[in-house]
Amino acid sequence: MAAPVTPELEAAAERAQARRGLLVSLPAYAYLVVFFAIPLVIVFVVSVFGRRNPRGATVYGPPTLDAYRKIFEPGPDGSYLVLEIVWRSLWLSVVTTIVCLLLAYPLAYYIATRTPRVRNALLVLVMIPFWSNFLVRTYAWRVLLGRSGPVTAVTSALGLTDTPMIFTVNAVLIGLVYGFLPFMVLPLYAAIERMDWSLVEAARDLYASGWQAFRKITWPLSRPGVIAGSILVFIPAFGAYVTPEILGGSKTTLLGSYIVRQFLQARDAPFGSALSFVLMSVMLGATIVYFRTGARNL
Amino acid sequence: MVLSGVTKRFGDVTAVDGMNLEIRDGEFFSLLGPSGCGKTTTLRMIAGFEYPTEGSVRIQGREMGLEPPNRRPVNTVFQSYALFPHMTVAENVGFGLKMRGVGRSEIAERVARALDQVQLAHRSDARPSQLSGGQQQRVALARALVNEPAVLLLDEPLGALDLKLRQAMQVELKELQERVGITFVYVTHDQEEALTMSDRIGVMNEGRLLQVGEPEAIYERPTSRFVADFIGHINLVTAECAGSGMVRIGDGAEVAVPGVQGAGGKVTIALRPERLHLTAPDADIPAGANRLRGVVRRRVYHGDGFTYEVAVAGTVLEVRTENTPGLVRYEAGSDICVYWDPSAANLVED
Ligand SMILES: Nc1ncnc2c1ncn2[C@@H]1O[C@H](COP(=O)(O)OP(=O)(O)OP(=O)(O)O)[C@@H](O)[C@H]1O
Ligand SMILES: [Mg+2]
C-alpha cells in the first residue's frame, strides 16, 4: 500500500528519476568519452610531452611548447608555410560557408513555402547525394573539372581559358560547396519552415514591402538556421581532407592534409598533434563567437 | 467601405460567396458566424492577404483590386496578435510608422501616445514574450491604431483571453473605438460579444451573408431560421397557416401570428424563451395573448433565472424566467399554461 507523500519521499522520487535519466544517457556519455575525450587528451599529451627523435619515433620527456612554437616559425626556406596553410584553410572555409549560404537560403525558402507534398519530395532530392559515397562523388568532380571534362570544354569554347580547373583552389571550393550544401539547406529549411507566417503578413499589413518584410522579419527570425547551417559547413570545411586531396594541387594544401602528412610522412607526431589541437581550438572559438552573436541578435 | 459581389474560391471550396456589404464610416461592424463560414477569409480579402476570385473591394471610394496589403489604408489585429518576437513593444508599435518613413522623433512621440492609450507606457522596452495575454493584445491594438487607418480589421482579437479579461477588454475596445472614431470590422463567433459591442452585425453562414442589421434587429427580428437559431436561444415551431393571421401548430391548437397570410402553407415561427410566460392553467392572462396548456417536463437553474421545458400542443417550448423575488416555481410534471403576446412571434425562412 502506498504511503502519503512527505518532502523526503518526494526528494527520493526525484533522485530516482535523475538516476534513471543518467542510465538512459550512459551509452551516449560512454561514446563521447571513449571516442572524443580520451583521444583529445592523448593528442594534448603527445603535443606537450612528446618529441620527434631523428629516426621519426616519438619519445616523451618534460613538458615543452616546442611543437606549438614550430607553427609560428619560418621553415628552412624562410617562408611561413604553416601559417600560410592555416590562413588558406581559414578563408577557403569562410568563402565556402558564404557561398553555401547564398545558394541554400533561396532554395530552403522555396522548399519551405511549398505545399507539404512538394516539400517532402524536394527534401528527398536535397538528400539524394547522400545515397552514394562522398569519395565517389568527389572523384566525379575530378572528371567534370578535368582536362577533357565538360567544364573545360565550355570555358575553352567561350574563349575564356583552356586550362582545366582541376587542382586549383577554385576546384577545391566547388568541391567543398558541393559536399556541404545539404548541411546548410536542412537547418535553414527547418528554421524557415517553422516560422510564423502571420508575422510576415503583419509586417506587410504595417506598410512593409515584400523585401522590407524579408529584411525585418523573415531574415532575423531564420537566424538560428543560418547559425546552425554555418557551423555545420564551416567546421568540416576548415578541417577538410578528402576534397582538397582529390581536387586540389600541391599549391592548395589545406590544414587537414598537412596534419595527416605530419603523422604519415614527416613522422612528427608532436607537431601534428599540436596542429590538431590548434585546429580544434579555432573551431571551438568560432562556434562560441557565432553562437554568442547569434543569441544576442535574436 | 463597400464589398460588391465578392467571391473567394479555394479549389472546390467556396469560402465566400457573392458577398455584398456596405460598412459605414466610423461604425463598429461585426461579422458573426460559425466556424468555417468565411469570416477570416472576408477579412483577409479586405486586408489584401488574399485576393477575391471575383468582385470588388472599395475602401474610401478607392477600388482595391490587386493592391498589396502595404498599399491599403487598413490595419489588422491578428487573432494570435502576431507581435514581432525580436522587437521591443515600442519597436513593434513603431514598425508601421517606420516603414512609411515617418521621422524618428515623431515616431517616438506617436508610439508613446499609442502606448499611453492602451495603458502600457511602462512596458515599452519589454519583449512581447514578457507580457501577459491581455497586454500582448493591447500592444497589437496599439500597433495598428498608431497608424490611424481608415479601417481597423480585428479577427477574433479576444479569442485567446479568459472570460473575465475578455469582458473587460470588450468594454475597453468599445470605448477606444468611440474615442478614436475609426471604423472597426470585428470578426467573432461569439454572439454575445457581437450583440454588446456592435453598431451593426452581419451574420454569415457557409460563405453567404444572411442578414445585416443593428443588434436589436438581428436578435428580435431574425429573417432566417439560421440567424434565429444561431443567436441566443429560440423556439422554432413549424406551423400550418390557418387563415386570417392564425396558424395551427402540433396537435391542432391555433395561435395568432401577425403577418401570416393565406391558409394551408407551411411556416416556421420563432419565439424567444424570455418572451414566453408561465402561469397556472386557469389564471387570467392579458387580453389578446396566445395561450397554450401544457405540462412542465424539466426545470434548469441558471442562477439569474430558470429555463423550463414545457410540453404543449404536441411540441416542446423553452421558457425562460428571471430569478426575481417572489417568483413562483413550477415543478416537473405540474400542469401549466404558456402565454405570449402575438407580436413576440417572428416568421423566419427555412
Ligand atoms: N488557404 C485556404 N485554402 C483552402 N481552403 C481555405 C483556405 N482558407 C480558408 N479555407 C476554407 O474556407 C472556408 C472558410 O474559412 P475561414 O477561415 O474564412 O472561416 P472562419 O469563418 O474564419 O472560421 P473560424 O471561426 O473557424 O476562424 C473553410 O471551409 C476553410 O476550410
Ligand atoms: Mg477565422
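**Figure 1. Contact between domain 1 and domain 2 of chain B in the predicted model.** Five residues of domain 1 of chain B touch six residues of domain 2 of chain B. Tyr219(B), Glu220(B) and Pro222(B) provide 93% of the area that domain 1 of chain B buries against domain 2 of chain B, more than any other three residues. The area buried between domain 1 and domain 2 of chain B is about 460 Å², and carbon and sulfur atoms carry 31% of that area. In the domain assignment of chain B, domain 1 covers 2-222 and domain 2 covers 233-348. Their C-alpha centres are 40 Å apart.

**Figure 2. The salt bridge between the domains of chain B.** One salt bridge is counted between domain 1 of chain B and domain 2 of chain B. Glu220(B) and Arg275(B) form a salt bridge in which the closest N and O atoms are 3.2 Å apart. On the side of domain 1 of chain B that touches domain 2 of chain B, three residues are nonpolar, none is polar and two are charged. Polar contacts across the interface of these two domains of chain B link four residue pairs, both members being at pLDDT 80 or more.

**Figure 3. The interface of chain B and chain A.** Here 26 residues of chain B are in contact with 17 residues of chain A. Between them, chain B and chain A bury about 1900 Å², with 62% of this area on carbon and sulfur atoms. Within chain B, the residues that lose the most area to chain A are Asn70(B), His86(B) and Met99(B). Together, Asn70(B), His86(B) and Met99(B) make up 32% of what the chain B side buries.

**Figure 4. Polar and charged pairs between chain B and chain A, with the contributing elements of chain B.** One salt bridge is found across the interface of chain B and chain A. A salt bridge joins the side chains of Arg44(B) and Glu201(A), with an N to O distance of 2.7 Å. Seven residue pairs are in polar contact between chain B and chain A, both residues of each pair being at pLDDT 80 or more. Three elements of chain B each give at least two residues to the side that touches chain A: helix 1 (39-47), strand 6 (74-77) and helix 2 (89-99). Helix 2 of chain B accounts for the largest share of that side, four residues. Sorted by class, the side of chain B that touches chain A holds 13 nonpolar, seven polar and six charged residues.

**Figure 5. Surroundings of ligand 1 in chain B.** The residues around ligand 1 include Phe10(B), Val13(B), Ala15(B) and Glu156(B). Also around ligand 1 are Pro34(B), Ser35(B), Gly36(B), Cys37(B), Gly38(B), Lys39(B), Thr40(B) and Thr41(B). A polar backbone atom of Cys37(B) is 3.2 Å from an oxygen atom of ligand 1. An N or O atom in the side chain of Lys39(B) is 2.8 Å from an oxygen atom of ligand 1. For Thr40(B), an N or O atom in the side chain is 2.6 Å from an oxygen atom of ligand 1.

**Figure 6. Contact between domain 1 and domain 2 of chain A.** In the domain assignment of chain A, domain 1 covers 1-64 and domain 2 covers 68-297. The C-alpha centres of these two domains of chain A lie 31 Å apart. At their interface, 11 residues of domain 1 of chain A are in contact with 11 residues of domain 2 of chain A. The two domains of chain A bury about 890 Å² between them, 68% of it on carbon and sulfur atoms. Val43(A), Ser47(A) and Arg52(A) give 45% of the area that domain 1 of chain A buries against domain 2 of chain A, more than any other three residues.

**Figure 7. Elements and residue classes on the domain 1 side of the chain A domain interface.** Zero salt bridges are found across the interface of domain 1 of chain A and domain 2 of chain A. Three residue pairs across this interface of chain A are in polar contact, both residues at pLDDT 80 or more. Helix 1 (7-49) and strand 1 (50-52) of chain A are the elements that give two or more residues to the side of domain 1 that touches domain 2. Helix 1 of chain A supplies six residues, the largest share of that side. By class, the side of domain 1 of chain A that touches domain 2 of chain A comprises five nonpolar, four polar and two charged residues.

Note on methods. Residues are numbered from 1 along each chain as its sequence is written. Chains are lettered from A and ligands numbered from 1 in the order in which they are written. This is a predicted model: local features need pLDDT of at least 70, side-chain atom pairs count only at pLDDT 80 or more; totals for chains, interfaces and linings use all residues. Side-chain values use heavy atoms; hydrogens and water are left out. Domain bounds come from an automatic or database domain assignment. Contact means heavy atoms within 4.5 Å. Buried area is the accessible area (1.4 Å probe) that two parts lose on being put together, summed over both. A salt bridge is a side-chain nitrogen of Lys or Arg within 4 Å of a carboxyl oxygen of Asp or Glu. A polar contact is a pair of N or O atoms within 3.5 Å; within protein, one must be able to donate a hydrogen and the other to accept it, and residues adjacent in sequence count only if both atoms are side-chain atoms. Ala, Val, Leu, Ile, Met, Phe, Trp, Tyr, Cys and Pro count as nonpolar, Asp, Glu, Lys and Arg as charged, and the others, Gly among them, as polar. A residue is near a molecule or strand if one of its heavy atoms lies within 4 Å of it.
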